[in-house]
Amino acid sequence: MENGTVNHEMETASTITIKGILSLLMQNIDEKNKKRLISLGMGDPTVYSCFHTTHVAGEAVIEALQSEKFNGYSPTVGLPQTRRAIAEYLSCDLPYNLSPDDVFVTSGCTQAIDVAVAMLARPGANILLPRPGFPIYELCATFRRLEVRYFDLLPDKGWEVDLDSIVALADRNTVGLVIINPGNPCGNVYSYQHLKKIAETADKLKVPVIADEVYGHLAFGDNPFVPMGVFGSIVPVLTLGSLSKRWIVPGWRLGWFVISDPCGMFKNPKIIERIKKYFDILGGPATFIQAAVPRIIEKTDEVFFKKTINTLKQTSDICWDMIKEIPCISCPQKPQGSMAAMIKLNLSNLEDIGDDIDFCFRLAKEESVIILPGTAVGLKNWIRITFAADPHSLKEALGRLKSFCIRHTKLMQPY
């Protein structure tokens with residue numbers, strides 16, 4: 001990887017999206033191939049029967065819908081009870097209490113990303129994004145005419161942030177720094193100490209942190225999940241999250257944009273008014289889904305969360321162990337959280353494979369297995385494997401991946 005490069009290509013948005021590439025890969029499946037299709041490309045655990053939401057969530061939605069009290073418009077910033085429930089939920093992990101006024105309800109975390117980028121954008125500004133990372137940030141930034149500057153995540157250091165590159169990239173026109181924790185696409189979970197260093201670095205640069213915590217609490221390694229908002233007294237934090245991953249309901253599109261700023265550095269009345277006006281033009285989640293949130297948060301049993309964590313730990317272990325037995329690929333760190341891991345390709349040992357995109361298209365055609373090329377998340381000649389799958393399907397898919405790699409491994413040349 002090149003260290004800390006600047007992207008000056010501002011004329012058009014990147015055409016690379018995860019869903020776009022996965023759609024193309026699906027089209028490359030050979031219909032004559034009798035092997036069943038297995039996709040490890042999309043972070044949607046609902047595809048597999050071992051991942052399902054809690055009964056409380058479904059009951060709360062049904063109760064809200066059948067009450068006929070929530071068929072109309074909600075306030076554009078979200079129902080008051082929903083904002084209050086989210087504020088209380090997030091405050092449990094913070095050294096201070098959030099107010100419902102700090103919370104804005106969004107249509108999934110994707111809309112929260114758009115809100116964060118839109119609120120920070122101004123002419124001539126730039127934003128710092130992680131590489132690898134989630135490509136929606138680049139798309140949103142480019143549409144807002146924000147220059148994108150990439151800082152590297154270091155695979156040999158548990159995908160920690162290269163803090164030196166952040167300092168080198170930032171200038172007086174830098175308006176935000178994006179941190180994704182637990183990591184998508186890398187499966188890392190940052191330590192308290194590393195997050196504090198990030199906050200201190202951002203403070204020195206006078207740059208707010210956008211903390212993408214859509215995988216919040218999905219940590220099963222050595223580091224517990226620590227929300228970036230813990231360091232809100234050091235630097236203003238815009239916390240983005242949703243019910244999607246922890247409650248296994250990505251299709252419900254219930255997310256949040258939260259100002260985690262106990263010192264009030266970001267709570268200028270003009271900024272708050274601008275955010276409220278922006279929400280006036282957005283379409284939020286369905287009102288009855290919002291109305292269900294307080295009960296969902298309050299009544300979900302810890303047993304449900306533990307079961308999800310245990311399943312992810314089991315499947316991540318399977319992924320880690322099997323990848324070690326596959327030639328021409330390697331994983332620099334055992335997954336510690338979220339639902340995916342980045343895997344490095346050793347193309348020099350592969351026959352007739354040009355790059356990561358070629359690798360994934362050939363794999364789809366020959367083995368009916370879908371995985372995401374690293375180019376889609378900013379890291380060429382790597383691949384992203386989602387391990388949020390049932391163990392049987394995961395083992396079968398990785399077994400086919402092994403067969404594919406063996407079949408395409410270059411034969412050793414005799415001396």
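Tutor: UniProt positions use the numbering you see here, feature names are shortened, and annotations may be inferred rather than shown by experiment. With that in mind, the UniProt record, an unreviewed entry, places the feature "domain: Aminotransferase class I/classII large" at residues 37–401. This is a predicted model, in which local features need pLDDT of at least 70 and side-chain atom pairs count only at pLDDT 80 or more, while totals for chains, interfaces and linings use all residues. Residues are numbered from 1 along each chain as its sequence is written, and side-chain values use heavy atoms, leaving out hydrogens and water.

Student: How far apart are the end C-alpha atoms of residues 37–401, and how much of the span is helix or strand?

Tutor: Helices (H or I, at least four residues) and strands (E, at least two) are DSSP runs, numbered from the N terminus. Here the span is 37% helix and 17% strand, and its end C-alpha atoms are 13 Å apart.

Student: Let's turn to empty space. What is the volume of the largest pocket?

Tutor: On a 1 Å grid over the protein atoms alone, a pocket is an open set of points with protein on both sides within 12 Å along at least five of seven lines; a cavity is a set where a 1.4 Å probe fits but cannot get out; lining residues have an atom within 4 Å of a point. Points join across faces, edges and corners, and volume is the space filled by probe spheres set on them. The largest pocket here has about 630 Å³. It is lined by 27 residues, and K19, M42, T110, F134 and K245 are the closest to its centre.

Student: Which elements each supply at least two residues of that lining?

Tutor: Look at α1 (18–27), α4 (108–120) and β15 (382–386). Among the contributors, α4 gives the most, with four residues.

Student: And how does the lining of the largest pocket divide by class?

Tutor: Ala, Val, Leu, Ile, Met, Phe, Trp, Tyr, Cys and Pro count as nonpolar, Asp, Glu, Lys and Arg as charged, and the others, Gly among them, as polar. The lining has 13 nonpolar, eight polar and six charged residues. Domain bounds come from an automatic or database assignment; domain 1 (18–52 + 303–405) and domain 2 (55–299) each provide at least three residues of this lining.

Student: How many cavities of 30 Å³ or more does the structure hold?

Tutor: There are three. The largest encloses about 190 Å³. Among its 18 lining residues, Y89, L90, E213, F225 and W256 lie nearest the centre. Two or more lining residues come from each of α3 (80–91), β9 and β10. By class, the lining of this cavity has nine nonpolar, six polar and three charged residues.

Student: What is the volume of the second largest cavity, and what classes of residue line it?

Tutor: Its volume is about 70 Å³, and its lining has 11 nonpolar, four polar and no charged residues. Of the 15 residues in this lining, P130, P132, L153, I180 and Y190 lie nearest the centre. Both β5 (147–154) and β7 supply at least two residues, and β7 has the largest share, with three.

Student: Which residues touch the most other members in the largest nonpolar core?

Tutor: In soluble globular proteins, nonpolar side chains tend to be buried together. A nonpolar core is a set of buried Ala, Val, Leu, Ile, Met, Phe, Trp, Tyr and Cys residues joined through side-chain atoms within 4.5 Å. Buried means under 20% relative accessible area, exposed over 50%, partly exposed in between (1.4 Å probe, protein chains only). The largest core has 142 residues, of which L177, F257, F359 and I385 touch the most other members. The biggest contribution to this core, nine residues, comes from α4. Domain 1 and domain 2 each add at least three.

Student: Now the backbone. Where are the cis peptide bonds that involve P182 and P185?

Tutor: Most residues other than glycine have a negative phi, and most peptide bonds are trans. A cis bond joins N181 and P182, with omega about -10°, and another runs from N184 to P185, with omega near 25°. You will find P182 in the loop between β7 (174–180) and α7 (192–205), and P185 is in the loop between β7 and α7 too.

Student: Is S338, with its positive phi, buried or exposed?

Tutor: S338 has phi near 60° and is buried, with a relative accessible area of 1%. Its place is the loop between β11 (329–330) and β12 (340–345). R253 is not a glycine either, and its phi is about 55°; R253 is partly exposed, at 31% relative accessible area. R253 is in the loop between β9 (237–242) and β10 (255–260).
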